[in-house]
Amino acid sequence: MSPSISIIVCAHNSEKTIEKCLQSLIAQKDIDTEIIVVDDGSTDATVKKCQKYRCDSKIKLLSIPRGGPSLARDCGMDVATGDFIGFVDSDDYVENTMYSELYTAAKEAKADIVICEFVRESPDGKRIYTGDCKLPAEFPDLLENQQICTMYLPQILVGNNSLHIPIFGGVWRCLYRRNYLLSIGAKFNQHLKFGEDLHFNFSVLSKASCMKICRKQLYHYVQWPNSLGSAIQEDTSENYLRLFRELKSLIARGNLEKCQIPYVIWVNRFSTYLVVEVLRKLGGACSKKTVLTIQKDQTVRECASRYST
């Protein structure tokens with residue numbers, strides 16, 4: 001008999017965090033799960049730590065050459081057998097009722113996707129209070145496709161509150177009906193090193209018949225120092241320029257008219273942020289070259305032109 005939920009954990013050099021993550025998943029109450037750990041070419045003791053749990057029949061361990069989180073998650077989906085699929089990052093952990101609550105919500109609402117709220121915290125467990133952890137109060141608890149496309153997706157990009165804080169688009173706060181993902185051929189974009197969550201959710205949510213909202217903070221997102229702002233590299237801007245183009249294509253193909261202006265605003269905000277961070281982190285001739293690449297990008301220029309008018 002297949003499990004109710006397949007939980008896919010993408011891990012790369014996660015020896016310091018993987019055990020806490022797995023322990024929180026093994027401890028899930030009142031739900032039948034399989035835990036698929038995809039080791040993405042780790043060079044530390046991640047695999048050894050995972051093998052300590054191989055006596056637990058819930059856990060499956062896959063090892064692949066380093067390919068990035070998109071490939072690792074796709075590999076996990078390929079072997080998943082559960083009725084629903086969830087994703088957890090190896091440096092995070094979850095409440096022990098997360099998946100039973102999301103599963104119950106999905107079944108009762110007959111939803112393709114369920115999304116919960118989350119806690120953002122530092123590695124030492126201190127809460128970081130930001131406006132994106134909770135979902136907007138004005139959202140109904142069940143969103144039909146039109147509401148997803150006109151209310152939810154635009155707010156992933158720019159938000160719709162006094163602070164204009166976007167909704168965090170991570171896949172780890174969602175539970176997806178596996179048959180629905182199979183029916184639309186859902187895959188992660190393996191050309192993206194960053195922002196693959198946003199791209200995946202934009203593609204998947206825009207086609208969903210309905211999405212259920214769970215207003216509980218069930219996921220613990222641990223914010224480490226090596227976030228985008230402190231890990232800017234030469235290829236970071238190239239990755240995000242590709243993300244700009246990929247999202248533009250998704251919006252056009254899906255006739256997501258309500259997302260067009262938020263998309264323009266988002267590209268302008270994010271390209272400006274990238275320029276500032278590149279100048280601050282890289283320095284020298286490398287930063288000047290990268291900044292010119294960003295400023296001369298056709299998508300960035302088109303959005304700047306539309307934003308100014």
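In this predicted model, Ala72 touches Cys10, Val38, Asp40 and Ile64, leaving out residues up to four places away in sequence. Ala72 belongs to helix α3, which covers residues 69-79. With a relative accessible area of 0%, Ala72 falls under the 20% limit and is therefore buried. Gly41 lies 31 residues from Ala72 in sequence, and their C-alpha atoms are 9.7 Å apart in space.

**Helices α8 and α9**

The spans of two further helices are set out below.

| Helix | Residues | Number of residues | End-to-end C-alpha distance | Expected span |
|---|---|---|---|---|
| α8 | 236-253 | 18 residues | 26 Å | 26 Å |
| α9 | 260-281 | 22 residues | 31 Å | 32 Å |

For α8, the distance between the end C-alpha atoms agrees with the span expected at 1.5 Å a residue. For α9, the 31 Å from the first C-alpha to the last is close to the expected 32 Å.

The buried residues of α8 are Thr236, Ser237, Asn239, Tyr240, Leu241, Leu243, Phe244, Leu247, Leu250 and Ile251. Just after α8, Asn255 adopts a positive phi of about 50 degrees. In α9, the buried set includes the aromatic residues Tyr263, Trp266 and Phe270. Polar and charged side chains also occur in that set, among them Asn268, Ser271 and Glu277.

**Nonpolar cores**

In soluble globular proteins, nonpolar side chains tend to be buried together. The largest nonpolar core of this model holds 60 residues, and the members that touch the most others are Tyr152, Phe202, Tyr263 and Trp266. Helix α9 gives the most to this core, contributing eight residues. Another core, of 33 residues, lies apart from it and includes Ala11, Cys50, Ala106 and Cys214.

Beyond its neighbours within four places in sequence, Tyr152 is in contact with Ile115, Leu135, Phe139, Leu143, Gln147, Ile167, Leu205 and Met211.

**The second largest pocket**

The second largest pocket encloses about 160 Å³ of space. Its lining consists of Lys248, Ile251, Ala252, Gln260, Tyr263, Val264, Thr299, Glu302, Cys303 and Arg306. By character, five of these residues are nonpolar, two are polar and three are charged. Helices α8, α9 and α11 (298-308) each supply at least two lining residues, and α11 gives the most, with four.

Some residues link these descriptions. Ile251 is buried in α8 and also lines the second largest pocket. Tyr263 is buried in α9, ranks among the core members that touch the most others, and lines the second largest pocket as well. Val264, likewise buried in α9, is another residue of the pocket lining.

Conventions. Residues are numbered from 1 along each chain as its sequence is written. This is a predicted model: local features need pLDDT of at least 70, side-chain atom pairs count only at pLDDT 80 or more; totals for chains, interfaces and linings use all residues. Side-chain values use heavy atoms; hydrogens and water are left out. The expected span of a helix is 1.5 Å times one less than its number of residues. Buried means under 20% relative accessible area, exposed over 50%, partly exposed in between (1.4 Å probe, protein chains only). A nonpolar core is a set of buried Ala, Val, Leu, Ile, Met, Phe, Trp, Tyr and Cys residues joined through side-chain atoms within 4.5 Å. Contact means heavy atoms within 4.5 Å. On a 1 Å grid over the protein atoms alone, a cavity is a set of points where a 1.4 Å probe fits but cannot get out, and a pocket is an open set with protein on both sides within 12 Å along at least five of seven lines; lining residues have an atom within 4 Å of a point. Grid points are joined across faces, edges and corners, and a volume is the space filled by probe spheres set on the points.
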